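Colleague: I'm new to this one. Could you take me through the empty space inside it, with a close look at the largest cavity?

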Amino acid sequence: MHGIGPIVLVPGFMGSRLARTADARLIWVDPRWAPFHAPDFYDSLSLRTPADARLRADGALDVVPFCGVVHFDVYSPLRSFATSRRGLGLASADFVEFSYDWRKSVAEAAADLDALLAALPNDGRDATLVAHSQGGLVAAALFARGGPGCLRVAKLVAVGSPLAGLLKTIEIIERDAGLLVGALAGHPIRRLLAPMPAAYELMPSGRAPALFADAAGRGTTPFAQAASLPAYYDRALLAAASSVVASLVVDFPVPLRLVEGYGVDTPTAAALGAAGVSVAHGLEGDGTCPSASLLAATSPVDRRVLSIPFGDHVPLIGHKAFLRWLAEDLTLGAPASPQIFVKLRPHLSLGGLNDLLFVQARDASGAPLSAGPPEASLPGGRVVVCDPFGPGHDGIWTARFPHPLRPGILRATIPGVAPALQPRPTLLA
C-alpha cells in the first residue's frame, strides 16, 4: 500500500460546511442552532449575489450531529477507511478534504481545486480524486480549465456524480419542500435555490438522453427552454449555467472509476408542460443521481464501473462494497473482485408486502459475466422470473414478487458463473 498517492475528496452539493465570514458561526449545518434561528439561517444561506462572500467553506461535512448523542455520517467513513490500518493506512496528511461553497458555480470551485492540487508536495505521487455527487462536476470543470492541477491527478473516482445533470433540484424547486419550510412563508426553498448558480449547473446537459423533454416530448435541456420555464427560475443564471455546463469535460483524460447506486426511487425524467415541469421517477439511480447521468462519462484511458444495488446517494461514498473496490483499485492497479450481488428490499404497496429483488453478475470492471437470466426459486419450488434491469445495466436482473407468509430461503444460480462464485442463499425473514 506504500505506493498509494494522496486521496483528495471533493464533496457534493451541501457536502461542505459553510460558516459566516464575520463571526465563524456555523451555518451549514448546525442542527442544534438552525431550527431555532430559521430566519437567520435562511438569510445567511441565501446568496444575495453570485459573489456574496458572507459565508466561507469550512471543511468537508464529515458528520452531522443530532441531539448530542446521535450523528449522521457523511464523509467520515471514507476518511476513517483511508487513514486506518484496516483500510488503506494512509498518513492523515495524505487524505485531503477539499471544501468549497457548493452554492456557487462549479467553475469557481474548480479554480480553487486546481490551486490545491498544484500545491501538493511534488514527491512523485499523483493524487486520486474521489468526487462525490456535485464534486464530479467540479472535477469536470477542473479538466475544462486545463490548469496545472490537472497534471497532478492520477485517477478520478466519481461516486454518484451527475456528470450529465440531475432532476432533484428541479423537483425541489417545483415542490417547494424541504428543511424548515414550516418556519417561513413565501416559497422559502424556491427563494433559497433560485439565486444559486450550482442549482442550475446541476440541471440536465443533454448528454444523457431523455432526462428532460419539451412540451412536444422532444429531448432538450432546461437551458434551451428557459423562456418557457416558470418565472421563479432565474433567466440570467440559466444562461450563465448553460455556458458552464457546455464546457464541462466528461471524456476524462485520466483513468475513470464510476460508482453508481441503483434500485432507489430517483427522479429520472422531466417534461415541460403548461403547468410547469413535471418529474417522473424510476429505479435507475441512487435517489438523487440518475444512472444515465453518471454513466455518460467516458475515458479514452481506462473506464471501470461499480454498481451497487440499493446504494443510496449519500451513504454510497462510505459503502463497504465501494471501499473494498477502491482498495483493490489503488493497491492492485485495478479492481479484482467480481460484482456478484443478490439483494432484496421488502416494500409495502397497495397489494401488501412485496419483495424487490436484484441479481447482479459482473466482473471487477463492470462487464457482465453472464448473458442469461439467473434461475431463482423460493421454498416449495416456486420460480421467480428475473428480467433484465434495463439499458446500460447488462448483467443485472430484477424481479418483484409477494413476500412469503413464512420464513424461507431464496436461491439464485447464475448461468456461466463458476460454482465458487455463485451467490449464497438469501434468507426471506
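Modeller: Sure, let's start with the walls: helix H10 gives the largest share of the lining of the largest cavity, 4 residues. Keep in mind that this is a predicted model. Helix H10 covers 320-332, and both H10 and S15 supply at least two residues each to that lining. The full list around the largest cavity is Leu306, Ala321, Arg324, Trp325, Glu328, Ser337, Pro338, Gln339 and Phe341. Sorted by class, that makes 5 nonpolar, 2 polar and 2 charged residues. The space they enclose comes to about 60 Å³.

Now follow some of those names outward. Arg324, Ser337, Pro338 and Phe341 turn up again in the lining of the second largest pocket, along with Ile340, Val342, Lys343, Ala420, Leu421, Pro423 and Arg424. Here strand S15, residues 339-349, brings the largest share, with 4 residues. The pocket has a volume of about 270 Å³, and its lining splits into 7 nonpolar, 1 polar and 3 charged residues.

Back to the cavities: there are 2 of them at 30 Å³ or more. The second largest cavity holds about 40 Å³. Its lining is made up of Leu137, Pro162, Leu163, Ala164, Gly165, Glu201, Met203, Ser205, Arg207, Val245 and Leu248. By class, that lining has 7 nonpolar, 2 polar and 2 charged residues.

Methods
Residues are numbered from 1 along each chain as its sequence is written. This is a predicted model: local features need pLDDT of at least 70, side-chain atom pairs count only at pLDDT 80 or more; totals for chains, interfaces and linings use all residues. Side-chain values use heavy atoms; hydrogens and water are left out. On a 1 Å grid over the protein atoms alone, a cavity is a set of points where a 1.4 Å probe fits but cannot get out, and a pocket is an open set with protein on both sides within 12 Å along at least five of seven lines; lining residues have an atom within 4 Å of a point. Grid points are joined across faces, edges and corners, and a volume is the space filled by probe spheres set on the points. Ala, Val, Leu, Ile, Met, Phe, Trp, Tyr, Cys and Pro count as nonpolar, Asp, Glu, Lys and Arg as charged, and the others, Gly among them, as polar.
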